[in-house]
Amino acid sequence: MDRDLVKQKLLESQEPMMAFFLQQKGNRPLFGELLSVEIGGEKHRMRYYPGKGPKSPMYFDIHGGGFVWGTMEDGDLFCHAVNERFGFAVFAPEYPLTPQAEYPQALDWLYETIQYLRTHAETYQADAANVIVGGRSAGGNLAAALCQKARCEGTFQFRLQVLDHPWLDLCRMIPEEERYQAEDTLSLEMLEGMAIGYADEEQRSEIFCSPLAAKEAQMRELSPAIIQTCEMDSLRADGDLYAERLKEAGVRVIHHCFRNALHGFTEGTDSMAEEGRRWLLDAMDEMLFGG
């Protein structure tokens, strides 16, 4: 595919797709409050759910949308549930989207946001040494990449990564015949277009772009992981294989494939979505507190 043409098509799709996602949310009130901080002369916006203790752990929620769409409000129900159940200070940051921004701008933006909030943790009565990151779909990619970046930088380590139907292979390591052929949600053609828009061919092989490309030695010191995949999802193989690779590297993993679930199901309001969010919360409880 011609990359410039792909990027133009992605740009044309942004406004109608964002409007569609907004319509899906309906008029449901949001739990998180708007927060804006200035970092390096730029405003970094997010939804914020104040912690319920004097030094609360920090949870960062990264939205999906193929790097092209999505908003910081997409994970509002899950962020609220994390905040209510564990009392964590929860932050759902905005980040620059493709094609206006390309890899690694979104990753660097998020890392800068997290580092800033860690260094100002006292402002939010939060614990800078107790930081968790999670995300859905492309947000799961960014969450996994943030863990790799933290490992390489060596300044801190996430306590846990929570990956919900993550997209971890942008360089076609997984053959198409091994992927679920989604028709009504996320097609392989859509995946290819979004990957091309996000990064060039060489970049897509980097571990910060395709976390599944990491060698065992690069996975060995990564944060423990919770990984939920959807049975009827073209990205199912990404999360399933990543869970195996992490386990082989000695990383603690709780992994679950949700039966009969479509891509993005945990952002909904139906009983299946609630069950999917509850599984993630229970897995966090087990991983963090032995519950």
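**Exercise 1. The largest cavity**

Task: State how much space lies in the largest cavity and describe its lining.

Solution.
Step 1. In this predicted model, the largest cavity holds about 60 Å³ of space.
Step 2. Three cavities of 30 Å³ or more are found in the structure.
Step 3. The lining of the largest cavity consists of Asp-74, Gly-75, Leu-77, Phe-78, Arg-136, Asp-164, Thr-266, Glu-267, Arg-277 and Leu-280.
Step 4. Two elements, helix H2 (76-86) and helix H8 (271-289), each give two or more residues to this lining.
Step 5. Sorted by class, the lining residues of the largest cavity are five charged, three nonpolar and two polar.

**Exercise 2. Two helices in contact**

Task: Find the angle at which helix H3 and helix H4 pack, and decide whether they are roughly parallel or roughly perpendicular.

Solution.
Step 1. Helix H3 covers residues 105-119 and helix H4 covers residues 138-153.
Step 2. The angle between H3 and H4 is about 65 degrees, and their axes lie 10 Å apart.
Step 3. Angles of 65 to 115 degrees count as roughly perpendicular, and H3 and H4 are therefore roughly perpendicular to each other.
Step 4. The crossing in which H3 passes H4 is right-handed.
Step 5. On the H3 side, the contact is made by Ala-106, Leu-107, Asp-108, Leu-110, Tyr-111 and Ile-114. On the H4 side, Leu-142, Ala-145, Leu-146, Lys-149, Ala-150 and Glu-153 take part.
Step 6. By class, the residues of this contact between H3 and H4 are nine nonpolar and three charged, with no polar ones.

**Exercise 3. Cis peptide bonds before proline**

Task: For the peptide bond that joins Thr-98 and Pro-99, and for the one from Tyr-103 to Pro-104, give omega and the place of the proline.

Solution.
Step 1. Thr-98 and Pro-99 are joined by a cis peptide bond with omega of about 10 degrees.
Step 2. Pro-99 sits in the loop between strand S4 (89-93) and H3.
Step 3. From Tyr-103 to Pro-104 the peptide bond is cis, and omega is near 5 degrees.
Step 4. Pro-104 is placed in the loop between S4 and H3.

**Exercise 4. The phi angle of Phe-67**

Task: Say what the phi of Phe-67 is, positive or negative, and where the residue is placed.

Solution.
Step 1. Phe-67 is not a glycine, yet its phi is positive, at about 70 degrees.
Step 2. Phe-67 belongs to the loop between strand S3 (56-62) and H2.

Notes: Residues numbered from 1 in each chain as written. Predicted model: local features only at pLDDT ≥ 70, side-chain atom pairs only at ≥ 80, totals over all residues. Heavy atoms only, no water. Axes fitted to C-alpha atoms, helices over the stretch in contact; angles between N-to-C directions. Helix = DSSP H or I, 4+ residues; strand = E, 2+ residues; numbered from the N terminus. Parallel < 35°, antiparallel > 145°, perpendicular 65-115°, else oblique. Left-handed = near helix turned anticlockwise from the far one by under 90°. Contact = heavy atoms within 4.5 Å. Nonpolar A, V, L, I, M, F, W, Y, C, P; charged D, E, K, R; others polar. 1 Å grid on protein atoms, 1.4 Å probe; cavity = no way out; pocket = protein on both sides within 12 Å on 5 of 7 lines; lining within 4 Å. Points joined across faces, edges and corners; volume = space filled by probe spheres on them.
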